[in-house]
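User: Please go through this structure with me, and for each term you apply, set the value against the definition.

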Amino acid sequence: MSASIRKVTRGSHLASPVSKGDLAPKATGCSRDYIDHLAGDISKKLGYKPGDDLEILVKALGGEIKVHPWQEPCHDGSIEVRGFGDFTICLSPFTSELRDRFTIAHELGHYFLHSLVGSKKINIAREGSNPVEWEANWFATGFLVPSSSFKKAFDECGGDIWQLAARFKVSSQTIQLRIKELNLGLQTSHH
Amino acid sequence: MAFKQVITESELGDLLRPKLRLFLSVDVVGSTAFKHQSQYTDSQGWLDFFVSFYTSFPDILAELTADYVKEKNLNSFEVPTFWKALGDELVFAVVLKRRVDAGHYLCVFRQALRRVVRHYTMGSQPLPINFKGAAWLAGFPVGNAAIPILDGEQKSDYDYVGPLIDVGFRLGKYASPRKLVVSVDLAALLLKEGSNLSLCFTEKQSLKGVLKDREYPIIWVDCIDDDDQNNEPAARRCRAEDDLLHSKQYQPNQLLKYCLAYIEEIGKPLRVPFIENDEQAPLVRSTAFEDEVAEVEQRLRKIFQVGPDVVTSSGTNSETLPSLEKWKPPTSKKKRLKVKVKKQ
């Protein structure tokens, strides 16, 4: 999502927000660490740099982003994968720009991990707490805030949460969690 | 929210140290209609929006501040702290260290307003709401008061009360998505500093219950972004309206002269803003200020139980005062805390 406006088009065929039968994905069972590194590698291979526009990236992958009409009930986000390079991410009209960025990265997690880049059709909404959602969250964090570049940025910014949030275009909460996950706060206090 | 009843000498000293605070308010326009328009009230979409807005706007403001500080290479520039939410309104506060910072904060705040306006109201599924902002100054401890809050109650360490806080909240009524309304003393500060923000003055309004209902100048910063391609028609319409309605142009120094004359005529609680220990230069302030601070000190000593700073085993001041029950505040004027105030 760019720093300006949700430029996505109004869609008549929005992804169904409910996971059904065969379209409900299964968890990979991979470890958090593995998914974290995988997401970092994928973002690198796609040429994604911290803070880049995710809409452009999704388009480059063949996908599209739509915003759900505000008059109807909806989830924070959902993805329908129909095939390789053929998927739709649907965002809530109520959520903030930073939340949307995390949601897009989360849905890309489903695309890479659970649909295996379109080889398996899936349709899933961002809701509840289960292994499939955990994996997508781990992917989102690893994608938006790759551990290697984050460690470097952490030193450059002197651990300043706001500078880091501005650089990676994620919420301060995500930054704080990342610092904790990577034990960076602990390292700083030792210096 | 619970106020502290017991404070330390250090805390009292901090309360008495003259501070000029800038308050920044963002309010949601049309929120009532939005809550009632939803055909699917069970989904509580409006609740999703408000939670999202409440949690994200402080982040947006802080991140834009971080970007701005980096871009302008500013030193010791703090992020405005979230003070309180009042219905659909969020208010932030920050202590100004330099006069020029007022303009910097206003620039960042306008960017933050523009960003939420773009995100929520200009996309493919725009929400039937909008945003408006207001900004005002209040000096402490004379005229307005900061009241310490018990630890852990809120993000802010203080609650703020006073006539200029009331003026600020009244100004919000005259703000709109286009007009970021600023108080007259803030306008004077911005104009004196030659801020890049151009100020508009189009009307005077009586602010209910404050300043004895005297008319107050509605001065505002334009939030229309002429460079925003997504909002070109609205920008064109606004400029055309300006040509029609307010064709008479004025120079910034004319508006500054008016603001200063207004402040002088009204008198207390308005005053020409000053910042103690301003890195640029101290601003002019009343010669009676030191006496006013002394009066405030006496009043605060009556209101609060003021105890000595307790030194813990680690050598740091502790805010827990276990022995305060038996302790009595000094009454002698000689023991009053000295606050250095330069007379001019």
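Analyst: What follows takes up a sheet, two helix contacts, a pocket and a cavity in turn. This is a predicted model, in which local features need pLDDT of at least 70 and side-chain atom pairs count only at pLDDT 80 or more, while totals for chains, interfaces and linings use all residues. Residues are numbered from 1 along each chain as its sequence is written, chains are lettered from A and ligands numbered from 1 in the order in which they are written, and side-chain values use heavy atoms, with hydrogens and water left out.

User: What makes strand 1 and strand 4 of chain A the edge strands of the sheet?

Analyst: The sheet in chain A is open, with four strands in the order 1-3-2-4 and mixed pairing. Strand 1 (64-67) and strand 4 (122-125) of chain A each pair on one side only. Strands here are DSSP runs of E of at least two residues, helices are runs of H or I of at least four, and both are numbered from the N terminus.

User: How do you know that strand 2 of chain A pairs with strand 4 of chain A?

Analyst: Two strands pair if DSSP finds at least two bridges between them, and four bridges join strand 2 (residues 77-83) of chain A to strand 4 of chain A, the two running antiparallel. A:Ile79 has A:Ile124 in strand 4 of chain A as its bridge partner.

User: Why are helix 5 and helix 7 of chain A called roughly perpendicular?

Analyst: Helix 5 (residues 147-156) and helix 7 (residues 172-181) of chain A pack at an angle of about 100°, with their axes 11 Å apart. Axes are lines fitted to C-alpha atoms, for helices over the stretch in contact, and angles run from 0 to 180 degrees between N-to-C directions. Angles under 35 degrees count as roughly parallel, over 145 as roughly antiparallel, 65 to 115 as roughly perpendicular and the rest as oblique; helix 5 and helix 7 of chain A are therefore roughly perpendicular to each other. A:Ser147, A:Phe150 and A:Phe154 of helix 5 of chain A make the contact with A:Ile175, A:Arg178 and A:Ile179 of helix 7 of chain A, where contact means heavy atoms within 4.5 Å.

User: What makes helix 4 and helix 6 of chain B roughly perpendicular?

Analyst: The axes of helix 4 (residues 101-121) and helix 6 (residues 184-192) of chain B come within 8 Å and cross at roughly 110°, and these helices are therefore roughly perpendicular to each other. B:Ala102, B:Gly103 and B:Leu106 in helix 4 of chain B meet B:Leu186, B:Leu189 and B:Leu190 in helix 6 of chain B. By class, this contact has five nonpolar, one polar and no charged residues; Ala, Val, Leu, Ile, Met, Phe, Trp, Tyr, Cys and Pro count as nonpolar, Asp, Glu, Lys and Arg as charged, and the others, Gly among them, as polar.

User: Which residues lie closest to the centre of the largest pocket?

Analyst: The largest pocket holds about 1,100 Å³ of space. Its lining has 39 residues, of which A:Ser171, A:Ser172, A:Gln173, B:Thr55 and B:Asp59 are the closest to the centre. Helix 3 of chain B supplies the largest share of this lining, ten residues, and by class the lining has 18 nonpolar, twelve polar and nine charged residues.

User: What makes a space a cavity and not a pocket?

Analyst: On a 1 Å grid over the protein atoms alone, a cavity is a set of points where a 1.4 Å probe fits but cannot get out, whereas a pocket is an open set with protein on both sides within 12 Å along at least five of seven lines, and lining residues have an atom within 4 Å of a point. The structure holds ten cavities of 30 Å³ or more, and the largest cavity holds about 140 Å³ of space. Among its 18 lining residues, B:Leu20, B:Gly139, B:Phe140, B:Arg271 and B:Phe274 lie nearest its centre.

Note on methods: Points joined across faces, edges and corners; volume = space filled by probe spheres on them.
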